[in-house]
Structure formats: structure tokens, C-alpha cells
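Colleague: I should like to learn how to read burial, helix packing and aromatic pairs from a set of coordinates. May we work through an example together?

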Amino acid sequence: MNLSPEEIVQNWETLLGYIEKYIESPRKEKLLDFYNKFSERLMLMPAAHKKEYHNAFPGGYVEHVIRVIECALDQH
């Protein structure tokens with residue numbers, strides 16, 4: 001799977017939105033500080049280092065985290 005630059009940015013904004021909406025202080029601020037400090041790396045980071053594993057593509061980490069969050073919300 002290949003994400004376009006626009007999809008990578010959209011996913012990043014979605015992830016930050018979930019943090020804003022569902023995480024309470026003081027953890028929210030700590031997470032946002034961390035994610036903003038390393039935004040360029042995290043935004044492009046794959047979820048796995050081996051190409052045979054899922055989400056082993058640029059933007060794969062954020063895409064994976066979003067799917068996990070959405071699955072958890074569906075179970076709630």
C-alpha cells in the first residue's frame with residue numbers, strides 16, 4: 001500500500017484529533033508534546049521494518065494506530 005502525501009497529512013491530523021478528543025489531561029499534553037516534537041519522523045514512519053509485515057510503508061505507523069483506535073471505539 002502506498003499513501004499519498006495528502007493521505008499521510010490527513011492521517012496525522014486524524015490521529016492528533018483523536019488524542020485531543022479522547023485523552024484526558026495531563027496525558028493529552030504529554031502525548032501532544034511528544035507527537036509534535038517528532039512529527040516529521042512519526043508521520044512518515046512505517047509500522048514495521050520488514051516489508052512482509054503489515055503497514056511497512058511510509059505513514060504506516062499512524063495508519064495502524066488510527067485503525068486500532070477506531071476498532072477500540074467500535075468495541076466501546
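Colleague: In which helix does Lys28 lie, and is Lys28 buried or exposed?

Modeller: This is a predicted model, and in it Lys28 belongs to helix 2. The general idea is to compare the relative accessible area with a cut-off: a residue is buried under 20% and exposed over 50%. Lys28 has a relative accessible area of 17% and is therefore buried.

Colleague: Which residues is Lys28 in contact with, leaving aside its neighbours within four places in sequence?

Modeller: Those residues are Ile19, Glu20 and Ile23. Ile19 is itself one of the buried residues of helix 1.

Colleague: Let us turn to helix 1, then. How many residues does helix 1 have, and how far does it reach from its first C-alpha to its last?

Modeller: Helix 1 has 18 residues and reaches 26 Å, close to the 26 Å expected at 1.5 Å a residue.

Colleague: Which residues are buried in helix 1, and why do they line one face of the helix?

Modeller: The general idea concerns periodicity: an α-helix has 3.6 residues a turn, so residues three or four places apart point the same way. In helix 1 the buried residues are Ile8, Asn11, Trp12, Leu15, Leu16, Tyr18 and Ile19. Viewed down the axis of helix 1, these buried residues fall within an arc of 155°, so they line one face. The face turned away from the buried side carries the exposed residues Glu6, Glu13 and Lys21. Gly17 is also placed in helix 1; with a relative accessibility of 33%, Gly17 counts as partly exposed.

Colleague: What do the buried residues of helix 1 pack against?

Modeller: They pack against helix 2 (27–37), helix 3 and helix 4.

Colleague: How does helix 4 read by the same approach, and which of its residues are buried?

Modeller: Helix 4 covers residues 60–75; its 16 residues reach 23 Å from first C-alpha to last, close to the 22 Å expected at 1.5 Å a residue. Its buried residues are Gly60, Val62, Glu63, Val65 and Ile66. Their cover includes helix 1 (5–22) and helix 3 (39–44).

Colleague: How should one read aromatic pairs, and how many are there?

Modeller: A pair of aromatic rings is described by the distance of the centres and the angle of the planes. Here the count comes to four aromatic pairs. One of them is formed by Phe34 and Tyr35: the centres are 5.7 Å apart and the planes make an angle of 85°, an edge-to-face arrangement. Phe34 is partly exposed, with a relative accessible area of 42%, whereas Tyr35 counts as buried at 8%. Phe34 and Tyr35 also belong to one aromatic cluster with Trp12 and Phe38, and Trp12 is among the buried residues of helix 1.

Colleague: What, finally, is the secondary structure of the protein as a whole, and what radius of gyration does it have?

Modeller: There are four helices and zero strands, and the elements run α-α-α-α from the N terminus on. For the overall dimensions, one compares the radius of gyration with the value for a compact globule: with 76 residues that would be near 11 Å, and the protein has 13 Å, which agrees. The C-alpha trace spans about 35 × 30 × 20 Å along its principal axes. Of the 76 residues, 29% count as buried. The accessible surface comes to about 5,700 Å², with 54% of it belonging to carbon and sulfur atoms.

Methods:
Residues are numbered from 1 along each chain as its sequence is written. This is a predicted model: local features need pLDDT of at least 70, side-chain atom pairs count only at pLDDT 80 or more; totals for chains, interfaces and linings use all residues. Side-chain values use heavy atoms; hydrogens and water are left out. Helices (H or I, at least four residues) and strands (E, at least two) are DSSP runs, numbered from the N terminus. The expected span of a helix is 1.5 Å times one less than its number of residues. Buried means under 20% relative accessible area, exposed over 50%, partly exposed in between (1.4 Å probe, protein chains only). Contact means heavy atoms within 4.5 Å. The arc is that of the directions from the helix axis to the C-beta atoms. The radius of gyration is taken over C-alpha atoms; the globule rule is 2.2 Å times the number of residues to the power 0.38. Accessible areas come from the Shrake-Rupley method with a 1.4 Å probe; for residues, only the protein chains shown count as cover. Rings of Phe, Tyr and Trp (its six-membered ring) pair if their centres lie within 6.5 Å; planes under 30 degrees apart count as stacked, over 60 as edge-to-face and the rest as tilted.
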